[in-house]
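Open the model in your viewer and keep the selection panel at hand. The stops below go from the whole chain to one sheet and then to a pair of helices.

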Amino acid sequence: MITLTNRQARQFILIKQGLLGGHKFVGKQGVLDFARQAGCIQFDPVDVCGRSADISLNSRVKGYTKDMLDALLYEDRRLIDYFDKNLCIFPVEDLPAILKLRPGGGYAEAYDRRGGEAVKNLMPTIRRLIKERGYISAAEIDINETIEWHWSIMTSLPRAALESMYFRGELIIHHKTGTNKSYALMEDYIPKEIWNATLPYEDGGGSGNGSRVGRLEWHIRRRIGAVGMLWNRPSDAWLGLNAKTPERTAAFERLHECGSIVEIMIEGINAPLYILAEDTAILDRVISGDIQGATGAPRCEFIAPLDSMIWDRKLIKALVGFEYSWEIYTPAVKRKYGAYVLPILYGEQFIGRIEIVCERKDKRLVVKNIWYESGVKQTKKMQTAINSCIKRFAKFNGCHACLPPINEK
């Protein structure tokens, strides 16, 4: 049994995530490297100061620009946006494994029930139009009919049909223009060698053999790798696994027994946590104190609301005493902070949260508020680091920054 101090556990996660010390991920290749490490990057179309996936990458990838992600998604086709833990971006080579985890597209049956015959009847027309044009958006299908749909009581029938075919795994997103999606046939864009490759849970990884058991083990390892370390407790980190607690517990036990994951204990936490066996090298560095590049000036980053590091909010609270809730869907009168507030990471600690808004018409990045955690001493050094982070964040959003004054005390 390996026992870590609370600080060692924090350092482990931050090094694994590429958020402590110098940048672990650099440029366009760094985007791809992080996506492969995390397994999936959760995204949401809301863009108040950058989309959540862009914010996650901006905090880790040195020199990140939004066109890097778009190029990897819609030009190079090295990444794909589909379902894993809700809407996610992940390496295209993982697509067959993800589709196998969700027979028939996973969500298809639920969407078929909602859309009914109207959606099914439109599908042949959509296939024909895409074959003729290469790709198509809902706005380009000349049908004005609306139906009840998951996102809205009244949604256009073309949009519903396109989304249903996407959830089934028949279509991919060809490109986006703002929030408008154009779809293409998946078969036209995913190379045959990807479909023909051995699935990751069929090659002896974990104790899997391609069965549901093996798929679950692969998925659990994927989520542990995304966060860095996880416990076997109910958590948003397990969304999309489609497994009940006894199944998940049995999979944890098998993975531990075969040495695929390593159990650790953390001082002050009464439940075991698990890391991937291949991450013990990071663990050894942390235990020995050999944390190169992590002892200089504290690095400041703004963390995305759907960032994989904070998927398990209870774990983050236990490790760093920071409690975070994304309040975008909380009624305004019930919000404690604001609709789109980002945690502020400074060195090894979450020191507060910041509300930033891009005023795109004037190309201004405006800091509406900063809330510091109780007990945080607001030094000039800290505020300089935050302002530097705001400037980088403004550049990432194509804006100039409106900086808050530095406290000279």
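What share of the contacts in the protein with a separation of 6 or more comes from residues 24 or more positions apart? The answer is 62%. Bear in mind that this is a predicted model.

**Whole chain.** Start with everything shown as a cartoon. The protein has 13 helices and 19 strands. Its radius of gyration is 22 Å, close to the 22 Å that the globule rule gives for 409 residues, so the protein is as compact as a globular protein of that length. Turn the C-alpha trace along its principal axes, and the spans are about 65 × 55 × 40 Å. Colour by accessibility next: 54% of the 409 residues count as buried.

**The three-stranded sheet.** Select residues 41-42, 79-84 and 86-91, which are β3, β5 and β6. They make an open sheet in the order β3-β6-β5, with antiparallel pairing. Strands β3 and β5 stand at the edges with a single partner strand each, so one side of each has no neighbour in the sheet.

Zoom in on the β3 side. Two bridges join β3 to β6, and I41 has I89 of β6 as its bridge partner.

Move to the other edge. β5 and β6 form a hairpin with one residue between them, and their antiparallel pairing runs over six bridges. Label I80 here, and F90 in β6 is found opposite.

Is β5 enclosed or open to its surroundings? Six of the six residues of β5 are buried, so this strand is largely enclosed by the rest of the structure. To be counted that way, a residue has under 20% relative accessible area.

**Helices on the sheet.** Keep the sheet displayed and add residues 66-74, helix α4. This helix packs on the sheet and touches β5 and β6, with its direction at about 85° to that of β5. Now add residues 157-168, helix α7. Helix α7 lies across β5 and β6 and runs at about 90° to β5.

**A helix pair.** Hide the sheet and select residues 6-17 (α1) and 313-320 (α12). Their axes are 9 Å apart, and the two helices pack at an angle of about 130°. That angle makes α1 oblique to α12. Show side chains for N6, A9, R10 and I13 on α1, and for A318, L319 and V320 on α12; these residues make the contact. By type, five of the contact residues are nonpolar, one is polar and one is charged.

Terms used
Residues numbered from 1 in each chain as written. Predicted model: local features only at pLDDT ≥ 70, side-chain atom pairs only at ≥ 80, totals over all residues. Heavy atoms only, no water. Axes fitted to C-alpha atoms, helices over the stretch in contact; angles between N-to-C directions. Helix = DSSP H or I, 4+ residues; strand = E, 2+ residues; numbered from the N terminus. Parallel < 35°, antiparallel > 145°, perpendicular 65-115°, else oblique. Contact = heavy atoms within 4.5 Å. Nonpolar A, V, L, I, M, F, W, Y, C, P; charged D, E, K, R; others polar. Pairing = 2+ DSSP bridges. Rg over C-alpha atoms; globule rule 2.2 N^0.38 Å. Buried < 20%, exposed > 50% of the residue type's maximum accessible area, 1.4 Å probe, protein only.
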